[in-house]
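User: I'd like to go through the labels on this model one by one and see what backs each of them. Can we start with whatever is up on screen?

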Amino acid sequence: MKIRNAIERFAEELDVGVFSIGFGVALIAIVVFFLHPEASAKKMGAANEYLWSEFMWVYVFSMFLMVVFSLWLMFGPWGDIKLGSPDESPEFSTPAFFAMMFSAGIAAGIVFWGPAEALFHYDTVPPLISAESQTQSAAIGAIQYTLFHWGISYWVPYLIVALPIAFFAYRRDAPMRISTLLAPFLGVDNLDRPIAKVVDILAVFATIGGIATTLGFVGSQFLTGLQYNYGVTLGDGGTILVITGMTLAFTASVVLGVKRGIRKVSMFNMYGFALLCLATFLLGPTTYIMNTGLQAIGEYANGFLRMSLYTNASGSGEWVGNWTVFYWAWVFSWAPFGGLFVARISRGRTIRQVTATALIGATVATIPWFLTMGGTAIHLERTGAAPMLAAVSEHGVAVSGFPLFANLPLGSLLSLVFMTLVITFFVTSADSSTLALGMLTTGGKEHPSTINRVLWGGLMGGLASLLIVGGGLDALRSSAIITGGPFAVIGVLAIVGMCLEFQRIRPVLQANTDDQSAEIDEQSPPVFATNTDDDD
């Protein structure tokens with residue numbers, strides 16, 4: 001009887017069009033990649049190169065525009081707008097809210113690239129940094145650029161998607177889905193139009209590409225850790241079994257829901273993350289980390305505008321395409337599900353509170369990790385204490401954290417904690433995206449059916465396994481850039497929509513308009529709606 005009721009609920013709440021197209025195309029992609037892995041990876045690589053070479057400026061300028069607008073939201077008069085009724089309290093405590101935002105938003109990427117990225121830039125210096133390879137100047141520039149890629153800019157696409165969705169969902173009863181970004185133009189009652197369905201389908205594709213990239217990166221890191229630390233080498237079958245096990249773990253978490261599953265795992269992540277960072281800082285080259293890191297922070301702050309708009313127009317642009325554009329595209333592909341998840345947990349908070357949590361809280365939490373891990377990796381290479389670059393050359397980028405911890409006191413314990421974080425961050429990244437896919441394919445249900453979430457969880461695990469086995473890191477990079485591109489444009493559209501809506505309910509020249517008058521103003525229709533009466 002319970003199974004029958006579960007199937008009936010799954011069928012009743014399903015948005016058949018969005019689910020069928022999204023799930024069907026993803027399934028076809030898995031089959032094609034399984035049958036023709038090399039040809040598929042090659043075509044993805046070609047598409048990737050075309051996008052960053054021809055549309056680099058779109059990725060770079062879109063991100064910069066989002067940063068500027070997010071800062072305006074944090075410091076401007078619209079920051080006081082409540083995501084919910086005026087007297088509504090936040091659903092989650094501030095620590096839980098921050099932990100879930102951080103774990104879902106940066107999670108797997110930070111454990112994969114934390115020890116690795118600065119090491120790469122130290123060896124292959126970014127064109128904007130005037131320094132010779134493997135010098136101290138290169139070390140400072142390497143950490144500077146790592147902070148740029150993972151600092152304030154990284155978080156703004158989530159805000160650009162989350163804030164308008166949360167606003168319309170909690171103040172205008174709009175559905176919790178990506179097409180709600182179109183509400184300022186169409187009206188809340190017209191979000192079932194074909195153009196809205198197209199946006200939701202694009203969001204499904206972007207989410208699939210973004211999370212498959214992440215799960216592939218972190219899955220390969222776990223497998224590399226098994227081999228490097230314990231001499232356990234798995235073939236293709238073993239790889240699929242390991243990823244399947246991780247898939248079952250995050251599926252169980254998402255089935256438990258936000259409060260019982262995702263929130264608890266996210267809090268565990270934050271404690272483990274802070275503990276590992278502090279231990280590495282104290283046991284590692286503390287003085288070198290502080291001296292190099294502080295100067296890198298200064299260079300990051302001083303050169304932020306220049307880095308934000310840098311395209312290496314006088315050169316080939318390849319470095320920018322492989323790093324900055326890849327990161328921006330990756331976070332754009334995460335923006336639909338990351339933004340939707342942030343919207344889901346933001347009820348009762350103001351726009352300023354949500355924005356500050358991301359731009360200040362998350363960035364402040366991120367910087368020490370990259371200073372510590374990047375600084376330690378570079379110091380071990382510079383002093384000859386550990387051949388970090390040689391290890392990466394032999395085992396791949398996924399290995400970078402393990403020789404780092406192996407050369408510190410209590411290295412075995414630190415490596416074990418790191419391996420645990422790899423798994424739990426994998427879980428939080430995957431379960432938040434699976435929840436978002438469920439919401440996207442059920443017309444915006446905040447609590448999609450168990451069957452829906454299990455189906456998406458299985459699909460994500462399968463795609464990640466095939467990318468690891470057949471496509472490698474190049475295919476993973478390509479999938480992120482390909483699927484993230486459309487949301488660079490949709491993000492700009494969301495900014496326009498927020499400007500129209502927030503200016504209408506709280507004009508900038510009347511910044512002291514109280515919440516009661518703002519509620520009255522909300523009754524007027526959206527600017528471009530043809531047949532709306534949203535609040536009637």
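Analyst: Sure. Keep in mind that this is a predicted model. A good starting point is Asp173, which has a relative accessible area of 69%.

User: Why is Asp173 called exposed?

Analyst: The label needs a relative accessible area over 50%. Asp173 comes in at 69%, so exposed it is. You'll find Asp173 in the loop between helix 8 (152–172) and helix 9 (183–186).

User: What makes the phi of Asp173 worth a remark?

Analyst: Its sign: phi is near 60 degrees, a positive value in a residue other than glycine. As a general rule, most residues other than glycine have a negative phi.

User: Where else does a residue that is not a glycine have a positive phi?

Analyst: Look at Gln134, with a phi of about 60 degrees. Gln134 sits in the loop between helix 6 (117–123) and helix 7 (136–150).

User: Is Gln134 buried, exposed or partly exposed, and how do you know?

Analyst: Buried means under 20% and exposed means over 50%. Gln134 has a relative accessible area of 36%, which lies in between, so the label is partly exposed.

User: Which residues make up the nonpolar patch on the surface?

Analyst: The members are Tyr230, Val232, Leu234, Leu278, Leu282, Leu283, Leu410, Leu413 and Leu416, with about 830 Å² of accessible area together. Helix 11 (236–283) gives the largest share, three residues. Helix 18 (411–440) also supplies at least two.

User: What makes Val232 accessible enough for that patch?

Analyst: A patch member needs over 30% relative accessible area. Val232 has 36%, so Val232 clears that bar while still counting as partly exposed. Its place is in the loop between helix 10 (194–230) and helix 11.

User: And the inside: which residues of the largest nonpolar core touch the most other members?

Analyst: Of its 179 residues, those are Trp113, Trp155, Ile178, Phe332, Trp369 and Phe502. Helix 14 (residues 318–344) brings the largest share of this core, 18 residues.

User: What is Phe502 in contact with, beyond its neighbours within four places in sequence?

Analyst: The partners are Leu73, Trp78, Ile81, Phe167, Ile351 and Pro507. Contact here takes heavy atoms within 4.5 Å.

User: How much of the chain counts as buried?

Analyst: The figure is 60% of the 536 residues. As for secondary structure, the chain has 20 helices and zero strands.

How values were computed:
Residues are numbered from 1 along each chain as its sequence is written. This is a predicted model: local features need pLDDT of at least 70, side-chain atom pairs count only at pLDDT 80 or more; totals for chains, interfaces and linings use all residues. Side-chain values use heavy atoms; hydrogens and water are left out. Helices (H or I, at least four residues) and strands (E, at least two) are DSSP runs, numbered from the N terminus. Buried means under 20% relative accessible area, exposed over 50%, partly exposed in between (1.4 Å probe, protein chains only). Patches are made of residues with over 30% relative accessible area and no salt bridge: like charges are joined within 9 Å, nonpolar side chains (Val, Leu, Ile, Met, Phe, Trp, Tyr) within 5 Å. Accessible areas come from the Shrake-Rupley method with a 1.4 Å probe; for residues, only the protein chains shown count as cover. A salt bridge is a side-chain nitrogen of Lys or Arg within 4 Å of a carboxyl oxygen of Asp or Glu. A nonpolar core is a set of buried Ala, Val, Leu, Ile, Met, Phe, Trp, Tyr and Cys residues joined through side-chain atoms within 4.5 Å.
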